[in-house]
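Biologist: I have a new chain to look at with you, and I am still learning to read strands and sheets. Could we go through it step by step?

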Amino acid sequence: MKTIISKNFSPARAWDALDIANFDGTSVRLHWTDKPYRWHINDGEEVFVVLDGVVEMQYREWGEVQKVMLNVGDIFFASIGTEHVAHPQGAAHVLVIEKEDSV
């Protein structure tokens with residue numbers, strides 16, 4: 001049993017993470033960031049939940065860059081093969097559920 005107050009998580013670097021749980025190779029991690037990540041494709045599916053802040057998620061669809069603004073409580077699901085990059089608009093806390101050791 002553990003309780004995590006996400007707003008209290010403030011690591012030294014952007015995209016550092018706090019491991020919360022692992023379900024047979026699927027990791028649940030809390031991230032903090034104030035900088036964009038990088039364009040990438042995960043090794044499986046990914047669920048990205050904004051807990052605090054605002055994040056512009058960019059993804060490629062049919063070769064074109066699409067953008068969606070995610071607010072607190074919003075969820076982005078990256079299916080297998082979805083190239084994407086998160087651009088926080090200031091500081092943000094996000095919960096990421098994905099295959100362990102994914103990009």
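Biologist: Which residue is the bridge partner of Phe48 in β6?

Modeller: Keep in mind that this is a predicted model. Strand β3 covers residues 46–52, and it pairs with β6 in the antiparallel sense over 4 bridges. Within β6, the bridge partner of Phe48 is Phe76.

Biologist: Nice, and which residue in β6 is the bridge partner of Val49?

Modeller: We stay with the pairing of β3 and β6, which is antiparallel. In β6, Val49 has as its bridge partner Ile75.

Biologist: Val49 must have another side to look at. Which residue in β8 stands opposite Val49?

Modeller: β3 is also joined to β8, by 6 bridges, and the two run antiparallel. The residue of β8 that stands opposite Val49 is Leu95.

Biologist: In what order do the 5 strands of the open sheet come?

Modeller: Strands of a sheet pair through backbone hydrogen bonds, either parallel or antiparallel. Here the pairing is antiparallel. The edge strands are β1 and β6 (75–78), each of which pairs on one side only. Neighbouring strands of this sheet are turned by 20° against each other on average, direction ignored. The order is β1-β2-β8-β3-β6.

Biologist: Let's turn to the nonpolar side chains. Which residues of the largest nonpolar core touch the most other members?

Modeller: This core has 13 residues. The elements giving two or more residues to the core are β3, β4 (55–61), β6 and β8 (92–99). The residues that touch the most other members are Phe48, Val55, Phe76 and Val94.

Biologist: Phe76 has come up twice now. Which residues is Phe76 in contact with, leaving aside its neighbours within four places in sequence?

Modeller: We already know that Phe76 is the bridge partner of Phe48, so that residue should be on your list. Leaving aside neighbours within four places in sequence, the contacts of Phe76 are Glu46, Val47, Phe48, Met57, Tyr59, Val68, Leu70, Thr82 and His84.

Biologist: And what is the order of the open sheet of 3 strands?

Modeller: The pairing in this sheet is antiparallel. β5 (64–70) and β7 (84–88) are at the edges with a single partner strand each, so one side of each has no neighbour in the sheet. Neighbouring strands here are turned by 20° against each other on average, direction ignored. The order is β5-β4-β7.

Biologist: Which residue in β5 stands opposite Arg60?

Modeller: β4 and β5 pair in the antiparallel sense, over 7 bridges. Opposite Arg60, in β5, stands Val65.

Biologist: What about the other partner of β4: which residue in β7 is the bridge partner of Val55?

Modeller: Between β4 and β7 there are 5 bridges, again in the antiparallel sense. The bridge partner of Val55 in β7 is Pro88.

Biologist: How many of the 5 residues of β7 are buried?

Modeller: β7 stands at an edge of its sheet, so one side of it is without a neighbour there. Even so, β7 is largely enclosed by the rest of the structure, because the number of its 5 residues that are buried is 4.

Biologist: Is Asn42 buried or exposed?

Modeller: Asn42 lies in the loop between β2 and β3. A residue is called buried when its relative accessible area is under 20%. Asn42 has 7% relative accessibility, so it counts as buried.

Biologist: With which side chains does the side chain of Asn42 make polar contacts?

Modeller: One polar contact, of 3.2 Å, joins the side chain of Asn42 to that of His84. Another, of 3.1 Å, goes to the side chain of Ser102. The two names you asked for are His84 and Ser102.

Biologist: Now for charges. Which residue meets Arg29 in a salt bridge?

Modeller: The side chains of this pair come to 2.6 Å, N to O. The pair links distant parts of the chain, with Arg29 in strand β2 (residues 26–33) and its partner in strand β1 (residues 17–23), 10 residues apart. Arg29 is partly exposed, with a relative accessible area of 25%. Its partner is Asp19.

Biologist: Last one: how many salt bridges are found in the whole structure?

Modeller: Among them is the pair Arg13 and Asp16, at 3.1 Å, N to O, where Arg13 is exposed at 57% relative accessible area. Asp34 and Lys35 form another at 3.6 Å; Asp34 is partly exposed at 36%, as is Lys35 at 48%. The search of the whole structure gives a total of 4.

Note on methods:
Residues are numbered from 1 along each chain as its sequence is written. This is a predicted model: local features need pLDDT of at least 70, side-chain atom pairs count only at pLDDT 80 or more; totals for chains, interfaces and linings use all residues. Side-chain values use heavy atoms; hydrogens and water are left out. Buried means under 20% relative accessible area, exposed over 50%, partly exposed in between (1.4 Å probe, protein chains only). Two strands pair if DSSP finds at least two bridges between them. Axes are lines fitted to C-alpha atoms, for helices over the stretch in contact, and angles run from 0 to 180 degrees between N-to-C directions. A nonpolar core is a set of buried Ala, Val, Leu, Ile, Met, Phe, Trp, Tyr and Cys residues joined through side-chain atoms within 4.5 Å. Contact means heavy atoms within 4.5 Å. A polar contact is a pair of N or O atoms within 3.5 Å; within protein, one must be able to donate a hydrogen and the other to accept it, and residues adjacent in sequence count only if both atoms are side-chain atoms.
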